[in-house]
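Grab your viewer and work through a few short exercises on the model below. Try each task before you read its solution.

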Amino acid sequence: MGYPFLRGLMQYFDNYPNNENIGLSLSGGADSALLLYLFAKMINDRKESTQIHCIHGHDISYVHQQSSDAATRVVEYVQKKYPNVSIFLHITQYHLTDDTSKEVYHRQFYDAMKELWDLPHIVRGTTQGMPESYRPSNMYEHTIPNADPSPEELIEFSQTTPVVPLGAVDKRWVKLQYRYQGIMDLANITASCIADIPDAPCRECWWCKERFWGFGNYDGGIQ
């Protein structure tokens with residue numbers, strides 16, 4: 001696909017308010033990791049004291065999958081690149097059951113973090129997904145009224161709210177940005193696979209397939 005909203009996306013960082021603490025939902029995947037890097041670069045270039053508060057939810061019902069490990073690796077990588085930027089990682093643990101949604105746990109924690117650290121909103125790394133294969137249902141900020149917005153709605157939200165700046169682009173654009181920034185090694189320490197198996201990536205879940213479609217490899221740069 002083309003990227004007609006690319007200019008507007010980069011203006012997002014040019015126009016981001018000065019000295020406003022940033023809340024970022026950090027899954028440990030490539031999309032939110034890119035946002036963390038771009039936010040840290042923005043703060044470093046501006047020489048601001050703005051803090052980045054990364055928020056991660058870890059479902060302990062998974063035995064093998066440790067998404068919090070990937071989130072920690074990402075924060076450590078970006079912090080090393082920009083040591084003068086204040087980056088904090090806040091992790092909440094919960095045990096997901098069949099009759100509850102992770103949104104219940106995430107939203108409570110997000111609301112608490114917003115109040116505690118004076119965060120105006122929580123930015124998410126949601127992208128467009130693959131052509132003809134839209135992403136599984138996801139969780140969004142209060143400012144997004146539909147729990148599962150269409151690709152067209154995501155584009156609109158990316159233009160009218162500060163919550164989903166990548167809403168108009170897809171994983172292939174994300175890869176191009178990693179290349180442009182010279183941080184493919186960061187992409188290779190992220191984790192997209194959601195399978196609870198000891199030898200992930202599984203190569204079968206939707207998130208693995210999207211990663212391969214966008215990057216030409218799986219987690220860890222595996223072909």
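Here come three exercises, each with a worked solution.

This is a predicted model, so to say: local features need pLDDT of at least 70, side-chain atom pairs count only at pLDDT 80 or more, and totals for chains, interfaces and linings use all residues. Residues are numbered from 1 along each chain as its sequence is written, and side-chain values use heavy atoms, with hydrogens and water left out.

**Exercise 1.** Find which residues touch the most other members of the largest nonpolar core.

*Solution.* Start with the term: a nonpolar core is a set of buried Ala, Val, Leu, Ile, Met, Phe, Trp, Tyr and Cys residues joined through side-chain atoms within 4.5 Å. Buried means under 20% relative accessible area with a 1.4 Å probe, protein chains only. The core has 37 residues, and the top touchers are L36, F39, I52, V78, I87 and Y178.

**Exercise 2.** Work out where D31 sits and what its side chain pairs with.

*Solution.* First, D31 belongs to helix α2 (a DSSP run of H or I, at least four residues). Next, its relative accessible area is 7%, so D31 is buried. Finally, its side chain makes a polar contact (N or O atoms within 3.5 Å, one able to donate a hydrogen and the other to accept it; residues adjacent in sequence count only if both atoms are side-chain atoms) with the side chain of K171, at 3.1 Å.

**Exercise 3.** Determine the sense in which β2 and β3 pair.

*Solution.* Strands are DSSP runs of E, at least two residues, and two of them pair if DSSP finds at least two bridges. β2 and β3 (residues 86-94) run parallel over nine bridges. One to check is Q51, whose partner in β3 is S86.

Methods:
Buried < 20%, exposed > 50% of the residue type's maximum accessible area, 1.4 Å probe, protein only.
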